[in-house]
Amino acid sequence: MASPRLRGVGAVLADLVLPRTCAGCGIPGAVLCSPCARHLARPLPAAPRRVPWGFPPTAAAGRYAGPVRPAVLEFKERGRAELARPLGAALALAVAAVVSAVPGPLASHRPVLLVPVPSSRAELRSRGRDHVRELTGRAVAELRAAGLPAAEARLLRRRGQVRDSAGMSVAQRRANLAGTFQRVDTRPLPEALLVLVDDVVTTGATLTEAAAALEAGRPAGGTPVLAAVVAATPRTARGGRPGVHLQVVPKRSENVRGASLDRLSGPPRRD
Ligand SMILES: [Zn+2]
């Protein structure tokens, strides 16, 4: 079996030798063609059907369906690293969306720390890379270019073994994940907004556990930990239309419904 490093070389060679095709629809040309990229250009709130208690206010750049799904899988599982640029830009848009939903005139001036959800050791071994950190790096670059004081902060690490969650119910996933994440740096952070970042949200169990670990030890009543993802499964995104229904309030159980995301930065709305 080829090592992950060799597989990486193979992917680069394939990109050089084979005609480049869109990872979303397969049409020759761009790595992600414009029509496919538009599926990741209108952030929406990600709200699982059964919202786990403590699920952080979360924005997704698009739905994990249609061309978005193969594009994410090409990047994540098949090592097509050049997708970090468009998918990282999508993640940046989701970060901007959730940050813009924080009330208060000064929210946009607060430093924004992107906290990548750590992959498990087994995932890192099998992929040979940390794809969430690649996305995080691109998103930080995009946000900084747009004038947002953003930085990456690796504040979480995994502890213990977690079983493969395929086929588990939401409750089973939560039990499986309980205590998975540990905050690395326990120093009190200044006024920074913490935004967990990940590729896809499905049941919300991972983001919920990661947010709980980040919240531990923070003063109560402040802005809660936020989250942003490239894509949310359609089931989880059902309650949200692009541009509406996300409001960040200090009380964590009330964070899914509410006002609007009209202050989103991003492409103009088409409807
Ligand atoms: Zn396409």
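Within strand E8, Val 229 is the bridge partner of Asp 198. This pairing is a convenient way into the predicted model, and E8 itself is a good place to linger. Strand E8 spans residues 226–232, and 7 of its 7 residues are buried. On one flank, 6 bridges connect it in parallel fashion to strand E7, which covers residues 193–201. Another of the E7 residues, Val 201, has Ala 232 of E8 as its bridge partner. Strand E2 (residues 58–63) also runs parallel to E8, and 5 bridges join the two. There, Ala 59 is found opposite Ala 228 of E8.

Stepping back, these strands belong to an open sheet of 6 strands with mixed pairing, in the order E1-E2-E8-E7-E3-E4. The edges are taken by strand E1 (44–45) and strand E4 (150–152); each has a single partner strand, so one side of each lacks a neighbour in the sheet. Strands of a sheet pair through backbone hydrogen bonds, in either a parallel or an antiparallel sense. The protein chain as a whole comes to 9 helices and 8 strands.

Helix H8 (residues 205–215) lies across several of these strands, namely E2, E3 (112–116), E7 and E8, and runs at about 160 degrees to E7. Because 10 of its 11 residues are buried, H8 is largely enclosed by the rest of the structure. The buried set of H8 includes Thr 206, Thr 208 and Glu 209 alongside alanines such as Ala 205 and Ala 210.

The packing can be followed further through the largest nonpolar core, which has 71 residues. Leu 91, Ala 94, Val 95, Val 195 and Val 197 have the most contacts inside that core. Helix H4 (residues 84–100) is the element that gives the most to it, with 13 residues. In soluble globular proteins, nonpolar side chains tend to be buried together. Val 195 offers a nice close-up: beyond its neighbours within four places in sequence, it is in contact with Val 95, Val 98 and Val 99, with Val 112, Leu 113, Leu 114 and Val 115, and with Leu 226, Ala 227 and Ala 228.

Helix H6 (residues 131–145) provides a simple check on geometry. At 1.5 Å a residue, its 15 residues should span 21 Å, and the end C-alpha atoms are indeed 21 Å apart, which agrees. Among the buried residues of H6 are His 131, Glu 134, Arg 138 and Glu 142, as well as Val 132, Leu 135 and Leu 143. After H6 comes Gly 147, with a positive phi near 95 degrees.

A contrasting environment is found at Arg 38, in the loop between helix H2 (34–37) and E1. With 14 other C-beta atoms within 10 Å, Arg 38 is partly exposed. Arg 38 and Val 68 are separated by 30 residues in sequence and by 9.7 Å in space, taken from C-alpha to C-alpha.

Over the protein chain, 46% of the 271 residues count as buried. Of the contacts between residues at least 6 apart in sequence, 75% join residues at least 24 apart. As for confidence, the mean pLDDT of the protein chain is 81, with 73% of its residues reaching 70 or more. Readers looking at residues 251–271 will find that pLDDT stays under 50 there, and that the model has 41 contacts beyond four places in sequence for this stretch.

Key. Residues numbered from 1 in each chain as written. Predicted model: local features only at pLDDT ≥ 70, side-chain atom pairs only at ≥ 80, totals over all residues. Core = buried A, V, L, I, M, F, W, Y, C linked by C-beta atoms within 7 Å. Buried ≥ 20, exposed ≤ 12 C-beta atoms within 10 Å, placed from the backbone. Helix = DSSP H or I, 4+ residues; strand = E, 2+ residues; numbered from the N terminus. Contact = placed C-beta atoms within 7 Å. Pairing = 2+ DSSP bridges. Axes fitted to C-alpha atoms, helices over the stretch in contact; angles between N-to-C directions. pLDDT = per-residue confidence, 0-100. Expected span 1.5 Å × (residues − 1).
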